[in-house]
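Trainee: I would like a close look at one part of this model. Please take me through it step by step.

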Amino acid sequence: MTHAVDAVDAAAIALGERTWIPHDEERALGQAFLGHRDAVEPRLLPGMPPHSDPQGWVTQHVLWLEDVSALAAGVRDQWYGYLPTSHMTALVSAYAEQAAAVLPLADHLRERWHAEPPELLTEEQVTWWEEWHLPPAQRQQLDAVTHRLVVIGSVVVAAVTGAWHND
């Protein structure tokens with residue numbers, strides 16, 4: 001199966017073929033994005049107890065993606081004037097757009113939590129609540145978004161660190 005080459009593929013190919021060697025400003029953009037993204041703390045819905053698993057609730061991941069989408073869009077907008085045609089700008093933009101796919105889900109979870117919070121805020125009850133409000137089809141979509149973000153993030157890391165350079 002083939003797919004159209006998008007901005008992420010184009011950046012990865014250009015790195016691999018060395019037709020794009022990120023310059024200092026592009027690396028600075030990538031570092032700024034990664035640094036800010038990595039500093040975003042997961043958040044809970046009001047009254048939601050922390051999960052005993054370090055991975056947290058699926059809801060936390062959705063809210064983190066919501067925050068990261070806004071952050072990536074902000075970083076992109078700050079740098080766009082300096083690097084409008086850069087692969088790095090395109091990567092950060094792709095990250096923002098991909099993460100934004102969860103915005104309706106984040107809104108849905110907030111609305112449902114406000115309207116129907118679990119009676120008991122035990123881990124078991126919150127797990128049941130998430131299973132009810134995040135059916136398998138939505139979890140699969142969330143997994144696909146997350147997978148794509150890992151790919152985009154990996155290309156940014158490779159560009160920033162020079163991992164693409166094997167000499």
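Trainee: Let us take helix α2. Are α2 and α3 roughly parallel or roughly antiparallel to each other?

Mentor: Keep in mind that this is a predicted model. α2 covers residues 24-39, and helix α3 covers residues 58-80. Their axes come within 10 Å and cross at roughly 155°. Angles over 145 degrees count as roughly antiparallel. Therefore α2 and α3 are roughly antiparallel to each other. The crossing of these two helices is right-handed.

Now look at the side of α2 that faces α3. From α2 come Glu25, Ala28, Leu29, Ala32, Phe33, His36 and Arg37. They meet Trp64, Val68, Leu71, Ala72, Val75 and Trp79 in α3. By type, the residues of this contact are ten nonpolar, one polar and two charged.

α2 has another partner, helix α7, residues 136-161. Here the axes are 9 Å apart, and the packing angle is about 130°. That angle makes α2 oblique to α7. The crossing of α2 and α7 is left-handed. On the α2 side, the contact uses Arg27, Gly30, Gln31, Phe33, Leu34 and Arg37. On the α7 side, it uses Gly153, Val156, Val157, Ala159 and Val160. The residues of this contact divide into six nonpolar, three polar and two charged.

Did you spot Phe33 in both lists? It meets α3, and it also meets α7. Arg37 likewise appears in the contact with α3 and in the contact with α7.

Stay with Phe33, because its ring leads to a further helix, α4. The model has four aromatic pairs. In one of them, the rings of Phe33 and Tyr95 have their centres 4.9 Å apart. Their planes stand at 65°, so this pair is edge-to-face. Phe33 lies in α2 and Tyr95 in helix α4, residues 87-99. The pair therefore ties together parts that are 62 residues apart in sequence. Both Phe33 and Tyr95 are buried.

Compare that with Trp128 and Trp132, an aromatic pair that is stacked. Their centres are 6.1 Å apart, with 15° between the planes. Both sit in helix α6, residues 123-133. They are four residues apart, so about one helical turn separates them. Trp128 is partly exposed, with a relative accessible area of 47%. Trp132 is exposed, at 58%.

To sum up α2: it is roughly antiparallel to α3, oblique to α7, and tied to α4 through the pair of Phe33 and Tyr95.

How values were computed:
Residues numbered from 1 in each chain as written. Predicted model: local features only at pLDDT ≥ 70, side-chain atom pairs only at ≥ 80, totals over all residues. Heavy atoms only, no water. Axes fitted to C-alpha atoms, helices over the stretch in contact; angles between N-to-C directions. Parallel < 35°, antiparallel > 145°, perpendicular 65-115°, else oblique. Left-handed = near helix turned anticlockwise from the far one by under 90°. Contact = heavy atoms within 4.5 Å. Nonpolar A, V, L, I, M, F, W, Y, C, P; charged D, E, K, R; others polar. Phe/Tyr/Trp six-rings, centres within 6.5 Å; stacked < 30°, edge-to-face > 60°. Buried < 20%, exposed > 50% of the residue type's maximum accessible area, 1.4 Å probe, protein only.
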